[in-house]
Amino acid sequence: MHIASTDIVLKTFAALDLTSVALLLDVDGTLIDIGPTPAQVHVPDDLCESLSQLGRLTSGATALVSGRPIADLDRLFSPLKLSVIGAHGAQMRIAGREIWRGIDPLPAALRAGLADGAPAGVIVEDKGFSVALHFRQVPKSKAAVRTFVEQVCREFSEESVTLLAGKAVLELRRTEVNKGEGVLALMNHPPFRGRVPVFIGDDVTDEDVFNVLPHTGGLGYSVGRKFPDLAGMFHSPGDVRDALASLARSGGSHR
């Protein structure tokens, strides 16, 4: 699959018609660089300025699409509060209104079992609807972490869960919860309804969104990873931030 150069991607991205698209943006590894821990990440002020401007230019049809809970995203991007698909689709907020998704958090005992018994050096991120075990500080422990998670899950065999492998992380979430399903639900609500979704993502948890884009006529951009039918690929979150800043400055096309 041929991937256009960054310069070409930046140029075509800056020409998006902001009156007809909805911007859907993954966070970690896409908008911001991955940090030593989930809490040790930096959200640049100019990124928030770009997102705020793009929110206005799209009449509110700009949303974060993240595995992080909404409360965590609000903390990171404060005081900006965009529409959000949070917790891999288990949570949703549109134009300041929380939308009940009918999904319960993982059992507290399951989450506690993962947090209490994780191998040394592994950072456990309890998101309520999912649990991420980050082994970036102990990269050789991936197999041990997987074995541990599978052992804990056997005690909760009645729960339908899926274990996903991301960038130095294994994440356990409910099988029925995914970002693709969340995006489809979001696009049924104004101001997103009737617009063309434009999604940027970088990791395995974003595959579900890339898979549904062809059914919506949407466009998919990735960061440093090839997915089928991409409109373009950025090399780094810095490139994405530059593209968003350029789009915000230009106001997009108005064809």
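This passage describes how helices pack and where nonpolar cores lie in a predicted model.

In the pairing of helix H2 (residues 45-57) with helix H8 (residues 237-250), the two axes lie 9 Å apart and the helices pack at an angle of about 45°. That angle makes H2 oblique to H8, and the crossing by which H2 passes H8 is left-handed. On the H2 side the contact is formed by Leu47, Ser50, Leu51, Gln53, Leu54 and Leu57, which meet Arg241, Leu244, Ala245, Leu247 and Ala248 in H8. Sorted by character, the residues of this contact comprise eight nonpolar, two polar and one charged.

Both helices also take part in the largest nonpolar core, a set of 34 residues in which Phe13, Leu31, Leu51, Phe77 and Leu244 have the most contacts. Two or more residues of this core come from each of helix H1 (6-14), strand S1 (21-25), H2, helix H3 (70-77), strand S10 (196-201), strand S11 (219-223) and H8. Of these elements, H8 gives the most, with five residues. The surroundings of Leu244 illustrate how separate parts of the chain are brought together: when neighbours within four places in sequence are left aside, Leu244 is in contact with Phe13, Leu25, Leu31, Leu47, Ser50, Leu51 and Leu54. Apart from this core lies another, which has 20 residues, including Ile94, Val183, Leu213 and Phe227.

Leu213, named above as a member of the core of 20 residues, belongs to helix H7 (residues 207-216), where Val209, Phe210, Val212 and Leu213 are buried. The cover over the buried residues of H7 includes helix H6 (179-186) together with the strands S10 and S11; S10 and S11 are also among the elements that give two or more residues to the largest nonpolar core. Just after H7, Gly217 adopts a positive phi of about 75°.

A further helix pair is formed by helix H4 (residues 108-117) and helix H5 (residues 142-154), whose axes come within 10 Å and cross at roughly 145°. This crossing of H4 and H5 is right-handed. Leu110, Gly113, Leu114 and Gly117 are the residues of H4 that meet H5, and their partners there are Phe148, Val149 and Val152. Five nonpolar and two polar residues make up the contact of H4 with H5, and no charged residue is part of it, whereas the contact of H2 with H8 includes one charged residue.

Technical notes. Residues are numbered from 1 along each chain as its sequence is written. This is a predicted model: local features need pLDDT of at least 70, side-chain atom pairs count only at pLDDT 80 or more; totals for chains, interfaces and linings use all residues. Side-chain values use heavy atoms; hydrogens and water are left out. Axes are lines fitted to C-alpha atoms, for helices over the stretch in contact, and angles run from 0 to 180 degrees between N-to-C directions. Helices (H or I, at least four residues) and strands (E, at least two) are DSSP runs, numbered from the N terminus. Angles under 35 degrees count as roughly parallel, over 145 as roughly antiparallel, 65 to 115 as roughly perpendicular and the rest as oblique. A crossing is left-handed if the near helix is turned anticlockwise from the far one by less than a right angle, and right-handed if clockwise. Contact means heavy atoms within 4.5 Å. Ala, Val, Leu, Ile, Met, Phe, Trp, Tyr, Cys and Pro count as nonpolar, Asp, Glu, Lys and Arg as charged, and the others, Gly among them, as polar. A nonpolar core is a set of buried Ala, Val, Leu, Ile, Met, Phe, Trp, Tyr and Cys residues joined through side-chain atoms within 4.5 Å. Buried means under 20% relative accessible area, exposed over 50%, partly exposed in between (1.4 Å probe, protein chains only).
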